[in-house]
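Trainee: Could you take me through one loop of this chain in detail, and then show me how it relates to the rest? I would like to follow it residue by residue.

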Amino acid sequence: SGSGETLALPPNSTVGDLKVLVQKTFRQGFLRLVTEKGHVLANHEDSLLAAGIQEGMHLTVVAQKPKVAATSQAFAVWCCGGDRIATWGEQCYGGDSSAVQDHLK
């Protein structure tokens with residue numbers, strides 16, 4: 001939409017902290033953070049420092065449209081190009097993807 005916001009976090013914050021703040025600020029749950037150099041901030045556990053985020057830096061927020069798939073007793077949600085898939089429901093119908101989560105990227 002071309003809107004912008006100035007956000008502030010404590011110096012010891014993580015990429016995950018930043019993503020949550022951005023999600024709340026823009027009221028958008030499915031998004032991707034991209035640096036000025038085009039690097040996607042994918043590791044939520046990285047500190048802002050380790051991710052190369054500095055005070056005054058501009059980031060681009062890309063809203064993503066979630067996709068949903070369902071069986072008779074389970075659901076999955078993901079975003080194309082996203083970094084994870086969430087599943088829930090009856091395990092034998094696909095509701096538990098924990099054993100293959102690393103392959104679903």
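Mentor: His39 lies in the loop between β1 and β2, the latter covering residues 60-63. Bear in mind that this is a predicted model. His39 counts as partly exposed because its relative accessibility is 47%, and the partly exposed class ends at 50%. Beyond four places in sequence, His39 touches Leu33 and Val34. Both of these partners fall within β1, which runs over residues 31-34.

Two distances help to place His39 in space. From His39 to Leu18 the C-alpha separation is 15 Å, with their positions 21 residues apart along the chain. From His39 to Gln101 the C-alpha distance is 23 Å, and these two are 62 residues apart in sequence. Gln101 itself is in the segment after β5. At 22% relative accessibility, Gln101 is partly exposed, because the buried class is kept for values under 20%. Setting aside residues up to four places away, Gln101 touches Arg84 and Ile85.

Now let us follow the contact with Leu33. Leu33 belongs to the largest nonpolar core, a set of nine residues that also holds Val15, Leu18, Val22, Leu31, Leu41, Leu48, Ala51 and Ile53. Two elements, α1 and β1, each give two or more residues to this core, and α1 has the largest share, with three. So Leu33, which His39 touches, and Leu18, the reference point for the 15 Å distance, are both members of this core. As background, nonpolar side chains in soluble globular proteins tend to be buried together.

Val22 is a useful core member to pause on. With neighbours within four places left aside, Val22 is in contact with Leu7, Arg27, Leu31, Leu33 and Val61. Among these partners, Leu31 and Leu33 are core residues too. Arg27 sits in the loop between α1 (15-26) and β1. Is Arg27 buried or exposed? Arg27 is exposed, because its relative accessibility is 78% and the exposed class starts over 50%. The backbone of Arg27 also deserves a look: its phi is near 55 degrees, a positive value in a residue other than glycine.

Lys19 ties the helix to β1 in another way. Lys19 is found in helix α1, and it counts as buried because its relative accessible area is 13%, under the 20% limit. The side chain of Lys19 reaches the backbone oxygen of Leu31 at 3.2 Å. Leu31 thus appears here as the partner of a polar contact as well as a member of the nonpolar core.

Next, step back to the segment before α1, where both Pro11 and Ser13 are found. Pro11 is exposed, with a relative accessible area of 78%, whereas Ser13 is buried at 4%. The side chain of Ser13 reaches the backbone oxygen of Pro10 at 2.8 Å. Leaving out neighbours within four places, Ser13 is in contact with Ser47 and Leu48. Leu48 is one of the core residues, and its C-alpha atom is 7.5 Å from that of Pro11, although the two are 37 residues apart along the chain.

For the wider setting, the chain has one helix and five strands, in the order α-β-β-β-β-β. Along its principal axes, the C-alpha trace spans about 50 × 30 × 20 Å. Of the 105 residues, 21% count as buried. Among contacts between residues at least 6 apart in sequence, 36% join residues at least 24 apart. The chain exposes about 7600 Å², and carbon and sulfur atoms supply 52% of that area.

Finally, there is a nonpolar group on the surface. Val68, Phe75 and Trp88 make a nonpolar surface patch of about 320 Å². Trp88 is in strand β5, residues 85-89, and counts as partly exposed at 43% relative accessibility.

Definitions and conventions:
Residues are numbered from 1 along each chain as its sequence is written. This is a predicted model: local features need pLDDT of at least 70, side-chain atom pairs count only at pLDDT 80 or more; totals for chains, interfaces and linings use all residues. Side-chain values use heavy atoms; hydrogens and water are left out. Helices (H or I, at least four residues) and strands (E, at least two) are DSSP runs, numbered from the N terminus. Buried means under 20% relative accessible area, exposed over 50%, partly exposed in between (1.4 Å probe, protein chains only). A polar contact is a pair of N or O atoms within 3.5 Å; within protein, one must be able to donate a hydrogen and the other to accept it, and residues adjacent in sequence count only if both atoms are side-chain atoms. Patches are made of residues with over 30% relative accessible area and no salt bridge: like charges are joined within 9 Å, nonpolar side chains (Val, Leu, Ile, Met, Phe, Trp, Tyr) within 5 Å. Accessible areas come from the Shrake-Rupley method with a 1.4 Å probe; for residues, only the protein chains shown count as cover. A salt bridge is a side-chain nitrogen of Lys or Arg within 4 Å of a carboxyl oxygen of Asp or Glu. A nonpolar core is a set of buried Ala, Val, Leu, Ile, Met, Phe, Trp, Tyr and Cys residues joined through side-chain atoms within 4.5 Å. Contact means heavy atoms within 4.5 Å.
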